[in-house]
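Reader: Before we discuss any assignment, could you show me the model, and then let me ask how each label was reached?

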Amino acid sequence: MQSASATTQPLPTYPPEVHAALLTYLVQLADTSLVLGHRLSEWCGHGPVLEQDLALANIALDLLGETRSLYQYAAELEGEGRTEDDLAFLRPATEYRNPLLVEQPNGDFAATIVRQFLFDNFHYHVLQQLQRYPDERLAAIAGKSVKEAAYHLKWSSEWVIRLGDGTEESRQRIEKALRTLWRYADELTTPTPAEQTIQTAGLLPDYASLLPAMQAHTAHVFAEATLPLPEGVVMQQGGKLGRHSEHLGYLLAELQYMQRTYPGMTW
Amino acid sequence: MPTNQPPTTNSQQLTANKIWPLLEEVSDPEVPVLSILDLGIVRDVVVEDEHATITITPTYSGCPAMNAIATDIRLRLLAEGFSNVTIHTQLRPAWTTDWMSAAGRQKLEDYGIAPPVDGTATGHMLNLFGADTAVRCPLCKSDNTHLVSQFGSTACKALYQCNDCREPFDYFKCHA
C-alpha cells in the first residue's frame with residue numbers, strides 16, 4: 001500500500017484527550033472498512049454471477065481506498081513514525097477496533113447482503129453528516145467516500161428487496177441471514193468512550209441523530225422486501241473495544257501473512 | 001526514461017506554463033485515450049523556487065491508477081529534466097465528472113465508452129429500482145439501452161447493454 005504522493009496538510013491541534021480519542025476513532029473506522037473490504041474481496045471469482053462478482057470487488061476497492069486515507073491520517077496524527085502499512089499489517093486482533101458485524105464470515109450471498117445492508121445504512125448516513133463536521137481532514141475523507149457509499153447502499157438495499165420478495169429459496173436464506181446477523185446491528189450506533197469524547201468535542205455527530213433516517217430507510221426497504229423487522233433480538237457488542245469473535249484472528253492471519261513473514265516486503 | 005544519463009540540473013527554467021502541456025501527455029492507465037487533464041484530476045500546478053507542486057485528486061477513493069498516474073507525471077517531467085517535483089493528493093473538493101473536458105467526453109465515446117450524462121449522480125437513496133439513466137450506445141448511437149450493473153470494469157464505470165445492436169458497453173458514471 002505504498003503511497004506515491006506526499007501529503008503536506010497541517011495537522012489540527014486538539015486537547016490531549018480529544019486527540020487520543022480522535023486517533024482511536026480513525027483507527028476504528030479504518031479497521032472497519034479494511035476488514036469488510038477484505039471479506040468482500042474473498043468473493044472475488046466466486047460471485048453468483050459475473051456482474052455481482054464485479055460489484056463485490058468494486059465495493060471492496062472503495063472501502064480499501066477509504067481505509068488508506070484513514071490510516072494515513074491516523075499515522076500522521078499519531079506522529080510516532082508508523083505508516084498506514086504498519087497499522088494495517090502489524091497490529092494483533094485485540095488492537096483492531098472494528099465492530100463485530102464486519103468480521104462475520106461471508107456465508108452465502110444472502111448473508112453477505114444482510115451484513116452489507118446493515119453496514120451501508122450506517123456508513124452512508126454517518127458520512128453524510130461527517131462531511132460537514134469541523135475536522136477538515138476527516139470531513140474531506142467523508143465527503144469523498146459518501147459518494148461511493150451511496151452506490152453501495154443502493155446496491156445492497158435492492159438486493160435485500162430481491163431476496164426477500166424473490167423465490168421461496170431466496171426468502172428462506174435472507175430470513176436465516178437476518179436471524180444470524182441482526183444481533184450485530186446496534187453496535188454500529190452505540191458510541192464507545194472514544195466516540196463519546198469526540199461527539200462531546202463536536203467532531204462526530206451524535207448517533208441518536210442518525211437513527212431516524214437509518215430507521216426510515218430500513219423500514220422502506222423491508223416493506224418492499226415484504227420482510228418483517230426482527231424483534232426482541234439480544235444484541236452483541238465488543239468489537240469496537242477490541243473484544244472480537246474468533247473469526248477476526250483467521251481473517252488477519254491471511255491479511256497480514258506476507259508482512260509478518262517477509263517484513264517490509266513490497267512489490 | 002533517461003536513467004543512464006547524469007542527473008541534469010534544470011537547463012531550462014521551470015514554469016507552470018511549461019508543465020501544463022506535459023501533463024496533457026500523461027494518460028489514465030485504465031482509460032488510455034484520456035489525458036489526466038481531460039479527466040479533470042489535475043487541480044493545480046504551482047512553481048516556487050524551481051520546485052513544482054502538482055495537486056491531483058482521486059476519481060474514486062480506491063482508484064488503483066492514482067499511484068501509477070503520480071509516477072507517470074514524475075517520469076514525464078524527469079524526461080524534461082525537471083526532478084524537483086512534489087505530487088500532492090487532495091480529497092476536497094471531491095472529484096466530479098463535471099470536471100471532465102468536452103474533448104475528453106468525445107474521446108471516450110469514440111473509444112467505445114459512453115461519457116457521463118450530467119445531472120444523473122446517485123443522490124436519491126430511496127429511489128430504489130428507479131429508472132435507469134438514458135445512456136446512448138457509443139457504438140450504434142441508439143438511446144435504447146439498459147443498465148446491467150452499477151459496477152463495471154473499473155470503479156468509475158457502470159455496465160450497460162444496447163437493446164438494438166446488443167453490444168455490452170461501459171458507461172463512465174456521472175459522479176457529482
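**How the labels were reached**

Author: The area buried between chain B and chain A is about 3400 Å², and carbon and sulfur atoms give 61% of this; buried area here is the accessible area (1.4 Å probe) that two parts lose on being put together, summed over both. This is a predicted model, in which local features need pLDDT of at least 70 and side-chain atom pairs count only at pLDDT 80 or more, while totals for chains, interfaces and linings use all residues. Residues are numbered from 1 along each chain as its sequence is written, chains are lettered from A and ligands numbered from 1 in the order in which they are written, and side-chain values use heavy atoms, with hydrogens and water left out.

Reader: How many residues does the contact take from chain B and from chain A?

Author: It takes 38 residues from chain B and 43 residues from chain A, where contact means heavy atoms within 4.5 Å.

Reader: What makes B:Arg92 and A:Glu136 a salt bridge?

Author: The term requires a side-chain nitrogen of Lys or Arg within 4 Å of a carboxyl oxygen of Asp or Glu. For B:Arg92 and A:Glu136 the closest N and O atoms are 3.2 Å apart, so the pair satisfies that limit. The count between chain B and chain A is 1 salt bridge. On the side of chain B that touches chain A, helix H3 (65-79), strand S5 (85-89) and strand S7 (145-149) of chain B each supply at least two residues; helices (H or I, at least four residues) and strands (E, at least two) are DSSP runs, numbered from the N terminus.

Reader: Why is A:Glu158 called buried?

Author: Buried means under 20% relative accessible area, exposed over 50%, and partly exposed in between (1.4 Å probe, protein chains only). A:Glu158 has 11% relative accessibility and therefore counts as buried. This residue lies in helix H6 (residues 136-164) of chain A, and, not counting residues up to four places away in sequence, A:Glu158 touches B:Leu128 and B:Phe129.

Reader: Why does A:Tyr257 count as partly exposed?

Author: Its relative accessibility is 46%, which falls between the two limits, so A:Tyr257 is partly exposed. A:Tyr257 is found in helix H12 (residues 257-261) of chain A.

Reader: How is chain B built, read along the sequence?

Author: Chain B has 4 helices and 9 strands, following the pattern α-β-β-α-β-β-α-β-α-β-β-β-β. Of its 176 residues, 47% count as buried.
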